[in-house]
Amino acid sequence: MNDDQDLRIALHHAVDDVEPTEQLTAIRARTRHRVRTRWFAAGGSLLAAATAVAVVLAVTGPSSTTAADPAGDSGSRTPEELSTPQSVYYLGPGPSGPDAPESMLFRAIETGPTMLDLLMTTPSDPDYATRWPRGSLLSYEVKDAEIEVVVSDDAPVLDELARQQLVYTIQAYERSTLPVVLIHEVVEPSTGGPIESAPELDVLSHMSIDQPSEGAVVAREDGALVVTGRGNSFEASGQCSLLSEDGAEVGATLAQMDGWIEPRLYPWELSIDLADVPVGTYALTCITDDPTGGAEGPGTYTDTRTVIVE
């Protein structure tokens, strides 16, 4: 898979719902104490840094915005929009080593009403999760120097990994590197500084499966199961295999990545021969190489998908 294919997977769709941003005067009219605040979240901030969130007054004029569907209602969406694949980042388990973070971000290819709705929806893969509750993301607007996202009172604006989940997803959807600004009405403003950008490997899992999707069905007569993804591993090598329900491993195949020196994820693609794979349900398991054998460092990064062979 090349970069162009990677981008085509994340083709975005137009959204019908529009609503004007609120004026500062309207906010003041509702209550003397409520102010509109902005949290700056540039793509890929370091998880280890306990950086405060910047909050400043935001005065914005009326403009069109891309909104989430109210209550997740997809009735206004066309079948084509509902079936358009989109790149969405979800939280998943961290690697296995002694110095590993508990959670990291994984890219999933999902379909749904809007990108914001997918961030607030339980992922199809049970290993993944989102930290954005239903109704917490209201709308967003791409401006010249930033992407403004309007969030509700229960949005996890101080959760570092949740903010990175939003930043990576919206930047992938818009094919943009613009920083993200969270606009929120709160009782009292906070103070702090903007979040600095960080390399992909600080927030994204070093092993991530793009295809197949969770619960995919593949026929043995097709001859092979094609698996694609992105990763970064020692000497650019990982492995994918099928684990049966009784724990037997079949079809172990090298996942050779396009590189590993630069601090980023590289695409990889492989085919698992199904000729000797019995019919059944399997856990497609892809892992990175760990030259220390788990003795030190983050350890092995893993991603899985449930696959049914018929």
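This report walks through a predicted model of one protein chain, from the whole chain down to a few residues.

**The chain overall**

Let's start with confidence. The mean pLDDT of the protein chain is 76, and 70% of the residues reach at least 70. Two stretches call for some care when you look at the model. Over residues 43–64 the pLDDT stays under 50, and the model gives this stretch 81 contacts beyond four places in sequence. Residues 187–196 also have a pLDDT below 50, with 29 contacts in the model beyond near neighbours in sequence.

As for the fold, you'll find five helices and 15 strands in the protein chain. The chain has 310 residues, and 49% of them count as buried. If you take the contacts between residues at least 6 apart in sequence, 71% of them join residues at least 24 apart. On the outside, the protein chain exposes about 14,100 Å², with carbon and sulfur atoms supplying 53% of that area.

**A look at Q165**

Q165 sits in helix α5, which covers residues 160–174. Is this glutamine buried or exposed? Q165 has a relative accessible area of 0%, so Q165 is buried. Its side chain still has a polar partner: a polar contact of 2.9 Å joins Q165 to the side chain of T130. Leaving out residues up to four places away in sequence, Q165 touches Y89, Y90, L91, L105, L119, A129, T130, R131 and W132.

**Aromatic rings**

The structure holds four aromatic pairs. One of them is F234 with W260, an edge-to-face pair with 5.5 Å from centre to centre and 75° between the planes. Why does this pair tie together separate parts of the chain? F234 is in the loop between β10 and β11, while W260 is in the loop between β12 and β13, so the pair links parts that are 26 residues apart in sequence.

Here are the two partners side by side:

| Residue | Loop | Relative accessible area | Status |
|---|---|---|---|
| F234 | between β10 (224–231) and β11 (237–244) | 32% | partly exposed |
| W260 | between β12 (249–256) and β13 (266–273) | 34% | partly exposed |

Both values fall between the cut-offs of 20% for buried and 50% for exposed, so F234 and W260 each count as partly exposed.

Elsewhere, ring pairs link Y90, F106 and Y128 into a cluster. Y90 has already come up here, as one of the residues that Q165 touches.

How values were computed:
Residues are numbered from 1 along each chain as its sequence is written. This is a predicted model: local features need pLDDT of at least 70, side-chain atom pairs count only at pLDDT 80 or more; totals for chains, interfaces and linings use all residues. Side-chain values use heavy atoms; hydrogens and water are left out. pLDDT is the predictor's confidence in each residue, from 0 to 100. Contact means heavy atoms within 4.5 Å. Helices (H or I, at least four residues) and strands (E, at least two) are DSSP runs, numbered from the N terminus. Buried means under 20% relative accessible area, exposed over 50%, partly exposed in between (1.4 Å probe, protein chains only). Accessible areas come from the Shrake-Rupley method with a 1.4 Å probe; for residues, only the protein chains shown count as cover. A polar contact is a pair of N or O atoms within 3.5 Å; within protein, one must be able to donate a hydrogen and the other to accept it, and residues adjacent in sequence count only if both atoms are side-chain atoms. Rings of Phe, Tyr and Trp (its six-membered ring) pair if their centres lie within 6.5 Å; planes under 30 degrees apart count as stacked, over 60 as edge-to-face and the rest as tilted.
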